[in-house]
Structures are given as structure tokens and as C-alpha cells.
Amino acid sequence: MSNLLQNIHSPEHVKQVPEAQLPTLAAELRNVILKTVSKNGGHLASNLGAVELTIELLRIFSPPADKIIWDVGHQSYSWKLLTGRYELFHTLRKLNGISGFPKPHESIYDASVAGHAGTALSTAMGFAAGRDRKSENSHVIAIIGDASITNGISLEALNNLEDTQSKVIVILNDNKMSIDCNVGALSRRFGSMLTNAKYNQIKAAVEAWAHKAHLSPLRTIYHRIEHAIKSIWLPNTFFEGFGLRYIGPIDGHNFRALNNALRSARDDKRSVLVHVITQKGRGFEPAEEAPSHWHGVGPFTLDACEPTASKRGYSKAFGEALTEMANHDPSIVAITAAMCSGTGLESFAEKHPTRFFDVGICESHAVVFAAGLAASGFRPYFAVYSSFLQRAVDCVMHDVCIQNLPVTFCIDRAGIVGSDGPTHHGVFDIPMLRCLPNLTLMQPADEHELCAMLKTARTHNGPCAIRYPRDPGPELTPQFDIPALPYGKADVRLAPPAGSTRIVWIWTLGDMLTTALDVAARLTAAHYAVGVVNARFIKPIDSDCLGQQCADAACFVTLENGTRIGGFGSALVEALEQLNSKIPVYRFGWSDAFQQQGSTQELMVQEGLTPDLLTARLLTILPKIKIIES
Ligand SMILES: Cc1ncc(C[n+]2csc(CCOP(=O)(O)OP(=O)(O)O)c2C)c(N)n1
């Protein structure tokens with residue numbers, strides 16, 4: 001079998017591949033993507049759909065001079081393979097390996113960092129405005145999905161596009177899917193562009209005529225005719241209203257059609273939107289049939305085509321517990337910003353369809369929408385990944401906290417998330433939220449505590465946030481009859497031996513509790529008097545408990561799966577300051593850097609957050625404060 005890929009190291013090499021061999025190149029790309037994702041996990045369905053489009057982009061445009069900007073960037077595997085990263089592709093998403101998202105530090109061909117949806121248009125417009133002010137001639141192309149283009153930032157960019165007067169090319173990669181089915185009026189509008197049978201019939205007839213008449217799609221007369229057809233059959237073509245010439249719909253798996261459309265977009269003086277229709281999961285039957293399931297996957301066996309069984313995890317426990325609460329409480333509503341399956345809300349959506357809202361990839365809107373629902377007497381639970389809630393922090397402050405509304409933020413993927421890397425680690429939510437007045441912030445140490453916290457949020461009359469990690473907890477089946485927690489009270493999980501003085505008090509929470517207990521056992525073996533507190537509440541922190549411990553404490557140690565700056569440890573320092581305590585505090589969490597990709601365990605080792613490394617670090621600190629119990 002020919003191996004075209006191994007001889008391709010740059011866009012120039014892609015341009016040299018004969019047209020007749022393009023299908024072979026596409027097959028090779030799909031093969032490598034499939035094999036690698038089956039081993040390393042990753043985004044599969046979107047990548048399989050974008051293969052032909054990527055090849056044609058590289059045949060028509062010349063990065064790095066031309067800027068190609070991928071929205072989200074989860075569909076850029078072919079791009080990576082064709083721009084010099086074939087040899088290293090087996091390291092995809094591994095520690096120190098190739099990132100699963102575009103990264104300018106990784107390659108000169110990656111124009112911009114991506115990972116969060118909706119940024120490509122604005123980035124492209126910035127590049128285009130810069131290009132024009134430097135009087136350069138390059139092209140700027142944004143590739144954006146039919147779900148990501150509905151994001152607020154994308155719509156703000158569209159609104160501004162005509163005014164910036166700088167040409168950009170927008171490729172709308174329309175596969176009719178977000179992670180789950182796409183939602184919203186825009187997505188339906190795209191659908192109607194595709195199903196306008198009259199338009200498509202006449203357009204096809206014009207194309208056939210033009211072909212016979214040897215009229216190139218680059219010729220002005222062709223565009224005039226095309227435009228005339230559109231203005232009759234699509235009088236309000238949506239994108240034309242934003243100053244974008246609309247080309248499409250184009251079959252995104254047909255090289256010739258893509259080539260024509262992209263050349264036409266390149267050679268036009270105006271901004272252009274090319275509407276490309278692709279199939280998510282293309283070429284891999286299980287993913288073609290169940291694209292949501294195969295959007296992002298862990299490693300799987302190629303023979304059985306079954307993802308390796310995933311553990312239950314907090315998301316599932318959350319979804320089950322909230323569904324159960326809603327069974328008895330008609331005021332409970334659930335909101336997701338396009339992450340229904342990821343956040344575990346599928347069962348809720350099925351059981352309570354009129355109380356379930358998927359608002360699309362629109363986190364800010366989701367928060368303000370929740371505020372409105374809360375103000376009208378409902379109890380909204382907004383399930384959202386930590387890193388995506390970052391988008392909406394202002395709305396949490398302005399629309400929820402100022403009004404002290406009982407919205408509950410169920411913050412999934414809080415803490416380090418592993419192979420998705422720095423754009424997706426959820427390590428900033430504690431500092432971002434802790435400073436907001438009226439907000440209660442909690443973290444459960446297991447699934448039972450998560451249930452209890454969901455109930456605590458229901459009984460509390462104000463905004464609450466509950467953060468929980470991606471990695472599974474102890475895998476307890478949720479206990480639906482568990483009562484709400486006593487508000488603001490910590491839980492002493494390990495009491496030091498009776499009569500101890502000079503106690504090392506470890507305050508921790510959530511997924512770090514197991515580590516803290518392990519460290520405590522090791523320190524106890526080294527003859528320290530150690531106590532462990534499961535804080536449960538980051539805000540309000542249990543100052544009563546802390547105050548009582550001050551009497552016999554030698555020091556406090558804090559341990560959290562979040563950034564150290566401004567995090568839970570900082571909250572404890574502030575509480576001690578209020579208590580006029582001078583007792584030393586040693587804080588452990590993620591350092592002031594963007595943590596890279598890798599397994600949670602690998603990253604914990606790098607940061608010194610495993611039980612053995614933490615104990616070793618503490619054993620170098622503790623003797624200096626002379627607290628060894630004899
Ligand atoms: C701000 C933000 N919210 C949520 C996500 C999670 N997410 C990743 S891809 C995706 C769906 C994107 O759909 P679309 O743009 O149509 O691209 P496709 O995956 O279908 O190729 C979502 C919701 C994200 N990356 N960023």
C-alpha cells in the first residue's frame with residue numbers, strides 16, 4: 001500500500017499530491033486518526049468528517065503566511081498530520097506529546113490556540129485587520145462548526161465583520177451536530193438552506209450549464225447568475241446580511257467541489273462564507289451511526305469497536321441524583337450549554353423534558369437564563385464544565401450573585417482533566433467564584449456528599465456552586481435519601497490522638513481527601529500528630545472548627561485540586577487572619593502555570609501532589625517548625 005503521508009511534511013508536499021491520489025491520502029489520514037485515537041483516546045467523529053476539507057485547504061492556501069484558524073480545534077488532527085507532525089502523531093494527547101488542539105508553540109502552521117468554542121471568527125478578523133494595516137497579501141480563513149457559530153462570541157464577530165472592512169473567509173463546517181444534536185434557530189436555518197429544493201435544483205442546473213459552457217466558477221458571470229438565483233430563491237440569505245458572500249452548500253467530501261469553492265472564495269475581494277456539508281464520523285461506521293457517542297472517546301478496541309468501559313463518575317451520579325430530586329420537586333429545572341451527555345443530564349432530559357434546557361454553546365446566556373428562571377420561582381441547576389464556566393463569570397456576578405438568586409452551578413471537570421490539556425483543566429474556578437459575595441462554594445469528597453450538596457443547594461436561599469472532578473470518585477451509588485449538609489460545617493475525617501498538642505491539621509476537600517488521608521497515615525508513622533478535615537465548604541469556610549483547632553495546632557496544611565493562587569488554601573489563610581492566628585499554613589495545589597496535558601497521575605507527580613511526594617515535601621518542612629511528638 002502506498003504511503004503518501006510519510007512523505008508529507010508541509011503544505012507544499014500536499015500541493016504536490018496528484019489529484020487522482022487524493023482519495024488515497026484521505027483514507028490514510030482516516031486510518032492513522034482511527035488507530036491513534038483508539039490507543040490514546042481523543043476527538044474522533046469531528047476529525048473523520050474534516051479530512052477532505054483539510055486536504056483542500058492545504059492545496060488552495062499556503063500557511064503559515066495564510067492564517068488558518070480552527071474553531072475549538074478538536075477537528076485538527078488531519079491538519080496536524082499534514083503539517084509536519086505525522087512522525088510524532090502517536091504521542092497525541094500524551095504527556096509532552098502532540099496536543100489534541102492547535103498550538104502555535106507546537107507548530108508554525110497553527111495560527112492560534114483553540115479549545116473553547118466560538119473564537120475563530122474574532123481571531124480571524126483580528127489577523128485580517130492586522131494584515132491590512134501592514135499591507136500584506138495573505139488570506140485568513142476561519143473554520144467553524146454549525147454549533148460553534150451559534151456561540152455569543154461568534155455572533156458578536158459576525159455583527160462586526162462588515163464594519164472591520166477586512167476580508168476573511170469563513171468555512172462553515174456543517175455536520176448538523178454539536179456534541180449531541182445541534183439546537184437553536186440558527187441550526188434550523190442552516191437546515192433550510194440545505195433543503196430548499198427549488199434553489200438546489202436550479203443551482204445544480206446552472207452548474208451543469210456552466211460546466212458545459214466551460215465557464216469556470218471563478219468567472220464573474222458565473223457569480224452573477226448564482227447571485228441572481230439566490231436572490232430569487234433565498235431572498236434573505238442569512239450570511240449575506242452580515243456582508244459575507246455565501247457559497248454553498250458544498251459537499252465536504254467531494255474534492256472537486258471543495259476545490260472550486262475554496263478557489264472562488266480565495267479569489268473574491270469580499271468576505272466569503274463557504275457552507276460545507278460534512279458527515280461526522282465519516283468512514284468509521286460506528287461513528288457515522290452514533291456521532292455523539294464517538295465525539296470524544298477514551299481508548300477503545302478496534303476489533304470490538306467498543307469504547308473501553310468508562311467508570312460511573314460524578315457526572316452520572318449528579319444526573320441521577322438531580323433527576324430523582326426533580327421527581328419530587330416541580331421547581332427544579334436543569335440547564336446545559338451543549339453538554340447534555342458530558343454532564344450526565346441525559347436521564348433528566350428524558351424524564352423531565354419540559355424542565356430541561358439545552359441552550360447551545362452559550363454559557364453566558366445559560367447563566368442569565370438561569371437567573372431569569374430563578375427570579376420567577378424555579379430552582380435552576382446549571383451543569384457546566386469548569387473551564388467553560390469561565391466564559392460566564394461576569395454573568396454569575398452580575399445576574400445571579402448581586403440578586404442573590406438561588407441558581408446552582410454544578411461544576412463538572414473541576415481540577416485537572418488530563419489529556420485535553422491547558423484549555424480544559426478546571427483549576428481556576430475556586431479563585432474566580434470565591435470572591436463573589438452571596439455565593440456558597442462546595443466540593444464533595446464522594447457521590448453521597450454530592451447528593452447531599454445538591455440538596456443543600458435546594459434548601460439554601462442564594463446562589464450555590466458545587467465543583468467535582470472528571471475522574472471517578474469512590475463510585476458509590478448515589479444515596480437519594482441523604483439529608484442536606486449542615487450549612488458551612490466541615491467534617492473532621494481523622495482526629496489526632498486524644499491529648500495531642502502540636503497537631504498538623506490537614507484541610508482538604510473533594511478528590512484530594514484520599515491523598516490527604518494517605519499523607520496523614522505516613523506522617524503519623526513518622527510520629528507526628530495529624531488530623532484531617534474534609535472542608536466540604538470552600539465558602540463559607542468553617543471558621544468555628546478552624547478556631548477551635550488553633551488552640552493545639554502546630555501548623556495547617558491545605559491540599560486542593562485547583563490553582564494555589566487564590567484557592568482554597570488562600571481562603572484558609574484569610575480565615576486564620578480573621579481569627580488573629582499566626583499559625584503557619586503550607587498550601588499545596590497547582591502552581592502558577594498552565595498545566596500541560598498528561599494523565600492526572602502523571603501531572604500530579606510532576607507537581608509533587610502524590611501522597612509520597614507530598615509527605616517527602618512535608619517532612620522537609622515540618623522539622624523546621626519543631627513539632628515532632630516524642
Ligand atoms: C465554550 C465551550 N463550550 C463547550 C465546549 C465543548 N465542545 C467541544 S466541541 C463542541 C461541539 C462543537 O460542535 P460544532 O462546532 O458543530 O463542531 P463539530 O464537533 O460538530 O465538528 C462542544 C460543545 C467548548 N469546547 N467550548
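Modeller: A residue is near a molecule when one of its heavy atoms lies within 4 Å of it; the wording for a strand is the same. By that rule, 22 residues surround the ligand. His74, Ala117, Ser148, Met177 and Glu363 come nearest. This is a predicted model, in which local features need pLDDT of at least 70 and side-chain atom pairs count only at pLDDT 80 or more, while totals for chains, interfaces and linings use all residues. Residues are numbered from 1 along each chain as its sequence is written, and side-chain values use heavy atoms, with hydrogens and water left out.

Colleague: What makes the His74 side chain and the ligand a polar contact?

Modeller: A polar contact is a pair of N or O atoms within 3.5 Å (within protein, one must be able to donate a hydrogen and the other to accept it, and residues adjacent in sequence count only if both atoms are side-chain atoms). An N or O atom in the His74 side chain sits 2.7 Å from a ligand oxygen. That is within 3.5 Å, so the pair qualifies. Asn175 also has a side-chain N or O atom 2.9 Å from an oxygen of the ligand. For Glu363, a polar side-chain atom lies 2.7 Å from a ligand nitrogen.

Colleague: How much of the ligand does the protein bury?

Modeller: The protein buries 98% of the 580 Å² that the ligand exposes when taken alone. Such areas come from the Shrake-Rupley method with a 1.4 Å probe; for residues, only the protein chains shown count as cover.

Colleague: How does the shell divide by residue type?

Modeller: Nine are nonpolar, nine polar and four charged. Here Ala, Val, Leu, Ile, Met, Phe, Trp, Tyr, Cys and Pro count as nonpolar, Asp, Glu, Lys and Arg as charged, and the others, Gly among them, as polar.

Colleague: Why is the ligand said to lie between domain 1 and domain 2?

Modeller: Both give residues to the shell around the ligand, so it lies between them. Domain 1 spans 5-196 + 234-286, and domain 2 spans 314-467. The bounds come from an automatic or database domain assignment.

Colleague: Why is the Glu106 and Lys80 pair called a salt bridge?

Modeller: The term needs a side-chain nitrogen of Lys or Arg within 4 Å of a carboxyl oxygen of Asp or Glu. Glu106 and Lys80 meet at 2.9 Å, N to O, so the pair passes. The two lie 26 residues apart, linking distant parts of the chain. Lys80 is in helix α5 (77-82), and Glu106 is in the loop between α5 and α6 (120-133). Helices (H or I, at least four residues) and strands (E, at least two) are DSSP runs, numbered from the N terminus.

Colleague: Which other partner does Glu106 have, at what distance?

Modeller: Arg85, with the closest N and O atoms 2.8 Å apart. Arg85 and Glu106 are 21 residues apart, both in the loop between α5 and α6. Lys80, Arg85, Glu106 and Asp110 are linked in a network of salt bridges. The structure holds 24 salt bridges.

Colleague: How do you know whether Lys80, Arg85 and Glu106 are buried or exposed?

Modeller: Buried means under 20% relative accessible area, exposed over 50%, partly exposed in between (1.4 Å probe, protein chains only). Lys80 has 0%, so it is buried. Arg85 has 3% and also counts as buried. Glu106 has 25%, so it is partly exposed.

Colleague: What does the same test say about Arg270 and Asp268?

Modeller: Arg270 is partly exposed at 43%. Asp268 is buried at 12%. They form a salt bridge, with the closest N and O atoms 3.0 Å apart.

Colleague: Why does Thr323 count as buried?

Modeller: Thr323 has 7% relative accessibility, so it falls in the buried class. Thr323 is in helix α13 (residues 313-328). The Thr323 side chain makes a polar contact with the side chain of Ser347, at 3.4 Å.

Colleague: Which peptide bonds are cis, and what are their omega values?

Modeller: One is from Pro63 to Pro64, with omega near 10°. Pro64 is in the loop between α4 (51-60) and β2 (67-70). Another is from Lys539 to Pro540, with omega near 0°. Pro540 is in the loop between β19 (537-539) and α21 (543-550).

Colleague: What makes the phi of Arg502 and of Asn580 worth listing?

Modeller: Each has a positive phi in a residue other than glycine, near 45° for Arg502 and near 55° for Asn580. Arg502 is in the loop between β16 (491-494) and β17 (503-508). At 38%, Arg502 counts as partly exposed. Asn580 is in the loop between α22 (568-578) and β21 (585-590). At 65%, Asn580 counts as exposed.
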